[in-house]
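Here is a short briefing on one protein chain. Keep the sequence and the 3D view open while reading.

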Amino acid sequence: MDGHTPGETVDMNSVAVVCRRAWNAVDPRDRTEMKSPAQTVIVHHTALRFLISGDGVVYEGRGWGIVGAHAKEHNFHSVGIAFMGNFNDELPSSESLSALLRLLHIGVLHGHVRPNFVLVGHRDVAKTACPGEHLYSLLPKLREQLQNH
């Protein structure tokens, strides 16, 4: 991950994040604060809240603690994180997967995500193929890696 070999130590306390202003994001129509840390993390491909590019850079969406618009009926207790790309056709890069793990670690560390959060794909909470077959099939491995940190 990030050019590291599997199992090699990665700095879990840092991730490159490009703020909304730097990537000229349009202001959200609503900016409701979450009442408590997210209990669920919903993985998407190219959609809303946080976006992770293939090179592992994270582009801020609404940000931590703000209710998203990523999964109807689940927005008030979850964080949505989208990978840029179509993962029915391609595999996510190791850099993007590493960035996800670091981002979630930081979210827990700073109290934005509960330590015992549930990691799911968008298809687990809605009728959709999102986040694509290739990314969805990696979620069990990512869950295992998260439990080991």
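The largest nonpolar core has 27 residues. Ile81, Phe83, Leu104 and Leu119 have the most contacts inside this core. The model is a predicted one.

**Nonpolar core**

- Six elements each supply at least two residues of this core: strand 2 (38–45), strand 3 (50–52), strand 5, helix 1 (94–109), strand 6 (113–121) and helix 3 (139–147).
- Helix 1 gives the largest share, with 7 residues.
- In soluble globular proteins, nonpolar side chains tend to be buried together.
- Which residues does Leu119 touch, leaving aside its neighbours within four places in sequence? Leu119 is in contact with Val41, Val43, Leu104, Leu139, Leu142, Arg143 and Leu146.
- One of these partners, Leu104, is itself listed with Leu119 among the residues with the most contacts inside the core.

**Aromatic pairs**

- The whole structure holds 2 aromatic pairs.
- One joins Trp23 and Tyr59, with ring centres 6.4 Å apart. The planes meet at 90°, so this pair is edge-to-face; planes over 60 degrees apart earn that label.
- Trp23 lies in the loop between strand 1 (17–18) and strand 2, while Tyr59 is in strand 4. The pair therefore ties together parts that are 36 residues apart in sequence.
- Trp23 is partly exposed, at 31% relative accessibility.
- Tyr59 is also partly exposed, with a relative accessible area of 22%. Buried would require a value under 20%.
- Phe83 and Phe87 form an aromatic pair as well. Their centres are 6.2 Å apart, with 85° between the planes, and the pair is edge-to-face.
- Are these two Phe residues buried or exposed? Phe83 counts as buried, at 0% relative accessibility. Phe87 is buried too, at 3%.
- Phe83 also appears among the residues with the most contacts inside the largest nonpolar core.

**Charge over a ring**

- Where does the charged end of Arg123 sit? It sits over the ring of Tyr136, 4.3 Å from the ring centre.

**A buried glycine**

- Gly61 is in the loop between strand 4 (58–59) and strand 5 (78–83).
- Gly61 has a relative accessible area of 5%, so this residue is buried.
- How far apart are Gly61 and Gly80 in space? Their C-alpha atoms are 9.3 Å apart, and the two residues are 19 residues apart in sequence.

Note on methods: Residues are numbered from 1 along each chain as its sequence is written. This is a predicted model: local features need pLDDT of at least 70, side-chain atom pairs count only at pLDDT 80 or more; totals for chains, interfaces and linings use all residues. Side-chain values use heavy atoms; hydrogens and water are left out. Helices (H or I, at least four residues) and strands (E, at least two) are DSSP runs, numbered from the N terminus. Buried means under 20% relative accessible area, exposed over 50%, partly exposed in between (1.4 Å probe, protein chains only). A nonpolar core is a set of buried Ala, Val, Leu, Ile, Met, Phe, Trp, Tyr and Cys residues joined through side-chain atoms within 4.5 Å. Contact means heavy atoms within 4.5 Å. Rings of Phe, Tyr and Trp (its six-membered ring) pair if their centres lie within 6.5 Å; planes under 30 degrees apart count as stacked, over 60 as edge-to-face and the rest as tilted. A charge sits over a ring if NZ of Lys or CZ of Arg is within 6 Å of the ring centre and within 35 degrees of the ring normal.
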